[in-house]
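Me: I'm new to this one and keep tripping over the vocabulary. Can you show it to me and then explain the terms as I ask?

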Amino acid sequence: MEKILEVKDLQLSFHTFAGEVKAIRGVNFDLLKGETLAIVGESGSGKSVTTKAIMRLLPESSSEFKSGEILFNGKDLTKLTDKEMQKIRGKDISMIFQDPMTSLNPTMTIGRQITEPLLKHQKVGKTEAKKIAVDLLRMVGMPKPELRIKQYPHQFSGGQRQRIVIAIALACNPQILIADEPTTALDVTIQAQILELMKDLQKKIDTSIIFITHDLGVVANVADRVAVMYGGRIVEMGTVDEIFYNPQHPYTWGLLSSMPSLDTAEEKLYAIPGTPPDLLDPPKGDAFALRSEYALAIDMEQAPPVFQVSDTHFASTWLLHPDAPKVEPPLSIIERMKKFPGSRYYEGVRTNG
Amino acid sequence: MAEKLLEIKNLKQYFNQGKANEVRAVDDISFDIYRGETLGLVGESGCGKSTTGRSIIRLYDATAGEVKFNGVSVHGKKSKSDLKIFNRKMQMIFQDPYASLNPRMKVLDIIAEGLDIHGLTKSSKERKDRVHELLETVGLNKEHANRYPHEFSGGQRQRLGIARALAVEPEFIIADEPISALDVSIQAQVVNLLKELQEEKGLTYLFIAHDLSMVKYISDRIGVMYFGKLVELAPAEELYNNPLHPYTQSLLSAIPLPDPNYERTRVRKSYDPTSHNYEDGEEIAMREVTPGHFVFCSAREFESLKLTSAARV
Ligand SMILES: Nc1ncnc2c1ncn2[C@@H]1O[C@H](COP(=O)(O)OP(=O)(O)O)[C@@H](O)[C@H]1O
Ligand SMILES: Nc1ncnc2c1ncn2[C@@H]1O[C@H](COP(=O)(O)OP(=O)(O)O)[C@@H](O)[C@H]1O
Ligand SMILES: [Mg+2]
Ligand SMILES: [Mg+2]
């Protein structure tokens, strides 16, 4: 499938009073046309910074772009002038955040806020823009859109505001939508509606979505592919089935095991011990080694390279090295692997081919 | 038979009563909490979970109703000394540990606050030793006593909140969304800690949450609230396996699980409150459909729920 975005060896730091925070330490991924790529990982792992770097929304005074390329339709976004970037932002690539109020202006009617990008990026007149705004609101499921475009953000509920933000983000039919924890603050039933809405709209306008979340249930629901981030790097990446049913990195094992499953009554939840690494002084080897019962001696010395598990599945763990000892994943992970034809625990019938 | 630690009867908490903007945040709910159990309380934001907790612990004066703790009514007029004892027995932990910890106070003084109020330690050495012990109980260490809240991560702050609540040796803890702001792996650490403490100290919890998978894991029984009413109350397993109120069914059907195959086939039910078609004068009340499984329903609904439940067995 066609690559719409390629992030290559992205390295990025912040300069703070305490020193250099090495927030992104070599991130690589592609985004394909029409797909949803979920990025998961604990807070501080670098999910937001990665996407803000794509949008060039990081504070210029304190952030330092150290290396890498961000190719959007072959164009390197890191090389564009601010003016060129402004043309792309909100038109070709748009972004929605956890708190809809970070994107909404409380003193402006939502009608004006939806028409603004249209007037700016698309050569439409005012009446036409207003018509599109009403259509967009209807599309995101807002009742009585003709009346509601005259209202202000505070007159809407949290879920409705997120719908409005989605309407604004989609106003110019962007090629990429970046959603940073868009449903984290919402109730499950509202979350379910927003996720259904996003999937619906994606089909309609064939946009690619980068969906950031720490909720693995949401990932299983929306993602085609998943990137697992830890300590400023992607430690594992694969299709949604590969990540949930054949995970290879001990950090992914830990994340999946710490969610209680609804059908088993474990006595004790698995909890990943310790806390994420300090990015002021990141460990020189595998950043997860200090929290991992599977760590090998080499993990303390040298960061693991990327090992290929399948055409679509990659993981950065020394456990995949041919000379590494064979370890047994946690029981709950083996249960998952039993469902995956490519795994060594598969219990179904293998078909050839 | 389990012993009732709390009895909540016809509790009501109305805000702006009698005015145009009256909110019936808690509207006539009754339930018991047994000694040593965890009762989970779930429902969407604004349905009245926090207000229920706050009314029980008397942060608000209830509009109506009764709360009994160990058989003694704790609402209404009380002497100062009675209140003080009662305040010690019940403690609360909050969602945002940061907002609930005074940023200018050292951890030592934050945790010792309850000890000081209730005069529980006799010397400054005893006070310090007790705080060190509490820090270790919650998985921190005594070096942390001299630091300020901003020097801690979210999960560590929640541990501080728990240590502060434990300081006065309560019997009952209301945990209001204590893990909602934390990462999955840190949530598991805090939940495990709460469970361990419960076993060690025989604590009783009211655990308020909107994350339904963690609630099932930690709770013995679960109550579901909808617009100020308790609509269903059942043992945790039973509630998930056999939800009877259509609102509970819709809530459970909306939870995404970390299982792509399940997600591809999950069908979401929506809840329409008018679907009950209640007639004027019909009494809607909590009724026990199977032992321990209560549903807020009419007599008519009750009969049909009993029939379908009997057919299931
Ligand atoms: N403006 C900033 N200044 C300094 N450090 C920052 C800034 N923004 C983010 N960071 C640091 O970069 C790392 C990655 O942060 P972020 O991408 O926001 O994580 P998350 O995965 O939770 O979205 C964290 O260690 C964070 O503290
Ligand atoms: N102090 C207050 N004054 C007025 N209304 C309040 C107050 N506290 C809560 N409410 C209202 O009561 C209802 C229940 O709120 P709350 O108990 O916080 O819900 P939950 O904890 O389930 O999200 C909401 O409509 C809320 O706006
Ligand atoms: Mg973030
Ligand atoms: Mg609340």
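Reply: Sure, starting with the element names: helices (H or I, at least four residues) and strands (E, at least two) are DSSP runs, numbered from the N terminus. Residues are numbered from 1 along each chain as its sequence is written, while chains are lettered from A and ligands numbered from 1 in the order in which they are written. This is a predicted model, where local features need pLDDT of at least 70, side-chain atom pairs count only at pLDDT 80 or more, and totals for chains, interfaces and linings use all residues; side-chain values use heavy atoms, with hydrogens and water left out.

Me: What makes the predictor's confidence in chain B something I can put a number on?

Reply: That's pLDDT, the predictor's confidence in each residue, from 0 to 100. Chain B has a mean of 92, and 99% of its residues reach 70 or more. For the complex, the predictor gives an ipTM of 0.90 and a pTM of 0.91.

Me: Where does N10(B) sit, and why is it called partly exposed?

Reply: N10(B) belongs to strand β1 (residues 4–15) of chain B. Buried means under 20% relative accessible area, exposed over 50%, and partly exposed in between (1.4 Å probe, protein chains only). N10(B) comes out at 42%, so partly exposed is the right label.

Me: What is notable about the phi of N10(B)?

Reply: Phi of N10(B) is positive, near 50 degrees, and the residue isn't a glycine. For background, most residues other than glycine have a negative phi. N16(B), in the loop between β1 and β2 (23–34) of chain B, also has a positive phi near 50 degrees. With a relative accessible area of 33%, N16(B) counts as partly exposed.

Me: How do you know that the span of helix α4 (residues 126–139) of chain A agrees with what a helix should give?

Reply: The expected span is 1.5 Å times one less than the number of residues. For the 14 residues of α4(A) that gives 20 Å, and the end C-alpha atoms are 20 Å apart, so the two agree. Helix α7 (residues 188–205) of chain A gets the same check: it has 18 residues and reaches 26 Å, close to the 26 Å expected.

Me: Which residues of α4(A) are buried, and what puts them on one side?

Reply: They are A129(A), A133(A), V134(A), L136(A) and L137(A). Their arc (taken from the directions from the helix axis to the C-beta atoms) is only 160 degrees, which puts them on the same side of α4(A). The face turned away from that side carries the exposed T127(A) and K131(A).

Me: What do the buried residues of α4(A) pack against?

Reply: Contact means heavy atoms within 4.5 Å, and the partners here are α3 (110–121), α5 (145–148) and α6 (158–170) of chain A. Just after α4(A), G141(A) has a positive phi of about 85 degrees.

Me: What makes β6 (93–96) and β11 (307–308) of chain A edge strands?

Reply: Two strands pair if DSSP finds at least two bridges between them. Chain A has an open sheet of eight strands in the order β6-β7-β8-β3-β9-β10-β12-β11, with mixed pairing. β6(A) and β11(A) each have a single partner strand, so one side of each has no neighbour in the sheet.

Me: How many bridges join β10(A) to strand β12 (residues 314–315) of chain A?

Reply: Two, and the strands run antiparallel; M237(A) stands opposite F314(A) there. On β10(A), six bridges join strand β9 (residues 225–230) of chain A, also antiparallel, with V226(A) opposite G238(A). β9(A) and β10(A) form a hairpin with two residues between them, and G231(A) in that turn has a positive phi of about 55 degrees. Strand β10 (residues 233–239) of chain A is mostly covered, with five of its seven residues buried.

Me: Which order do the strands of the chain B sheet take, and how are neighbours turned against each other?

Reply: Chain B has an open, mixed sheet of eight strands in the order β6-β7-β8-β3-β9-β10-β12-β11. Its edges are β6 (90–93) and β11 (285–290) of chain B, each pairing on one side only. Neighbouring strands are turned by 20 degrees on average, direction ignored. Axes are lines fitted to C-alpha atoms, for helices over the stretch in contact, and angles run from 0 to 180 degrees between N-to-C directions. Helix α2 (residues 80–89) of chain B lies across β6 and β7 of chain B, at about 45 degrees to β6(B).
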